[in-house]
Amino acid sequence: MNKFIKTAAVAATLMLTAGISTNVAANQLDDLLKQVKADRVSVAKLDKKREQEFLSARADKQALLKKAQADRAAEQARNARLTKAFADNERMLTQREAELEAAKGDLGEMFGVVRRASGNAYGTIATSIVSAQYPGREATLDKLANAKEIPVLAELEELWFAMQTEMTESGKITSFEAEVTQLDGSKSSQQITRIGSFNLVSEQGYLNYNDDQGQIQPLGKQPDGSIVGTVSPFISMTSGYAPLFLDPSKGTILNLETQKATLEERFHQGGTVGYVIAGVLAFGLLIAIERLVFLFLMGGKIAAQLKNRANPSANNPLGRLLQVYQDNKNVDAETLELKLDEAILRETPKIERGINIIKILAAIAPLLGLLGTVVGMIGTFQSITLYGTGDPKIMAGDISMALVTTAQGLIAALPLILIHSVVAGRGKSIFHILDEQSAGIVAEIAEKEKQ
């Protein structure tokens, strides 16, 4: 019985649980169904909205297409009108040009002559130094040279005045105040003298007119002193005549003169070899000067000793030679001759010192010049190997070195050879006096022995 009751209780419990679960599941399905229905309505509304937007956009695109087609038709019509107007204008221009040519007659030829004359005058006047005194004359000429219409009378008169002014002023020497632009960019007002259409000069020397900038400038480097030295006397002259170098090419020769190398620049072109040659020359001249002074003083002392042979002095070779004679009066002639020869030999190094060095330096100088020539030619061929022969300026430096060192070697050798001859001759004259006195003393002793 108890077992039955327990079984019944368990069964009842299970039935109650199953009923509760069935009710819960049913409620969830109802909610799901409601949710699906609600979503279906929302999706339908969204699709409807998208459809309406598509239809609206389609209508807008159609309107834009129609507007573009209308614009294209309008532009095509406008293009046709402009094409017709352009053709009409071209025909009218051709007709008007023909009418103009017919109306001009002989004036057309005059127009060409005026343009050609203005162009030629512009090239002359714009670069003329007269424009430094009368600036702005080329503006009217430039306008006439590029004009496309017949010039009026006033413009023809300007052309006439400009050409007449140039011709008149080219025959005058005048002074005027103008601003000079220095090489460093600074400006100063100076009194300038213009010699026709050839040159501008001032206290600075020769000046140049830069027509591109309309400025008066000094030359980058003045010509040689003999040329520029005539400027100051010419400017300060108040009457009469004074010499002055003129450039008939109106500046071309002066510009070439400024490009010439000075002696200092030529010297530096010799490079290291040139400096060595200069050192050799300076060293040789110093030795020669010292030898000349020494031998000159020695010659004076010997000349004084010749006047006083009885009192030999030790401050000159002849005095020391006579002292040897005084010390050996009692010996025979042969022994005395040997002693005198020995005394002369003792004096020889003092007299000949440095003379052979001058001769060696005179021989070395041209050899150094030859060395510089070889070094310069080696540099020239290296430049040709690296850069070719297209630009001669690249090789000019090495060629200059080769030529300049050769000249420097010869220039150094010539005075050294000359001065060596002078010094050697002076030394020989002293030896001649010593030998002459020695021979006289020996002859005197020999005569005494014979008696």
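Which residues does Leu321 touch, not counting residues up to four places away in sequence? In this predicted model, Leu321 touches Leu340, Ala343, Ile344, Leu434, Gln437 and Ser438 once those sequence neighbours are set aside.

Leu321 also belongs to the largest nonpolar core, which has 27 residues, and it is listed with Leu340, Ile351, Val423, Ile430 and Leu434 as the residues that touch the most other members. Five helices, namely α10, α11 (317-327), α12, α13 (355-387) and α14, each supply at least two residues of this core, and the largest share, nine residues, comes from α14. A second, separate core has 11 residues, among them Val273, Ile277, Val280 and Ala412.

Helix α12 can be followed in some detail. The helix has 20 residues (333-352), which at 1.5 Å a residue should span 28 Å, and its end C-alpha atoms are 28 Å apart, so the expected span and the model agree. The buried residues of α12 are Ala333, Leu336, Leu340, Ala343, Ile344, Glu347, Thr348 and Ile351; of these, Leu340, Ala343 and Ile344 are touched by Leu321, while Leu340 and Ile351 are listed with the residues that touch the most other members of the largest core. After α12 comes Gly354, whose phi is positive, near 90°.

The two pockets that rank highest by volume are set out below, with the make-up of their linings.

| Pocket | Volume | Nonpolar residues | Polar residues | Charged residues |
|---|---|---|---|---|
| Largest pocket | about 240 Å³ | six | eight | three |
| Second largest pocket | about 210 Å³ | nine | two | one |

Of the 17 residues that line the largest pocket, Thr127, Ile129, Asn208, Lys250 and Gly251 are the closest to its centre. At least two lining residues come from each of α2 (107-127), β4 (205-210) and α8 (252-259), and β4 gives the most, with three residues.

The second largest pocket is lined by Leu263, Arg266, Phe267, Gly274, Ile277, Ala278, Leu281, Val404, Ala407, Gln408, Ile411 and Ala412. Two or more of these residues are given by each of α9 (263-269), α10 (271-306) and α14 (392-450), with the largest share, five residues, coming from α14. Ile277 and Ala412, which are in this lining, are also members of the second core. Helix α14 thereby appears twice in this account, as the source of the largest share of the second pocket's lining and of the largest share of the largest nonpolar core.

Note on methods. Residues numbered from 1 in each chain as written. Predicted model: local features only at pLDDT ≥ 70, side-chain atom pairs only at ≥ 80, totals over all residues. Heavy atoms only, no water. 1 Å grid on protein atoms, 1.4 Å probe; cavity = no way out; pocket = protein on both sides within 12 Å on 5 of 7 lines; lining within 4 Å. Points joined across faces, edges and corners; volume = space filled by probe spheres on them. Helix = DSSP H or I, 4+ residues; strand = E, 2+ residues; numbered from the N terminus. Nonpolar A, V, L, I, M, F, W, Y, C, P; charged D, E, K, R; others polar. Expected span 1.5 Å × (residues − 1). Buried < 20%, exposed > 50% of the residue type's maximum accessible area, 1.4 Å probe, protein only. Core = buried A, V, L, I, M, F, W, Y, C linked by side-chain atoms within 4.5 Å. Contact = heavy atoms within 4.5 Å.
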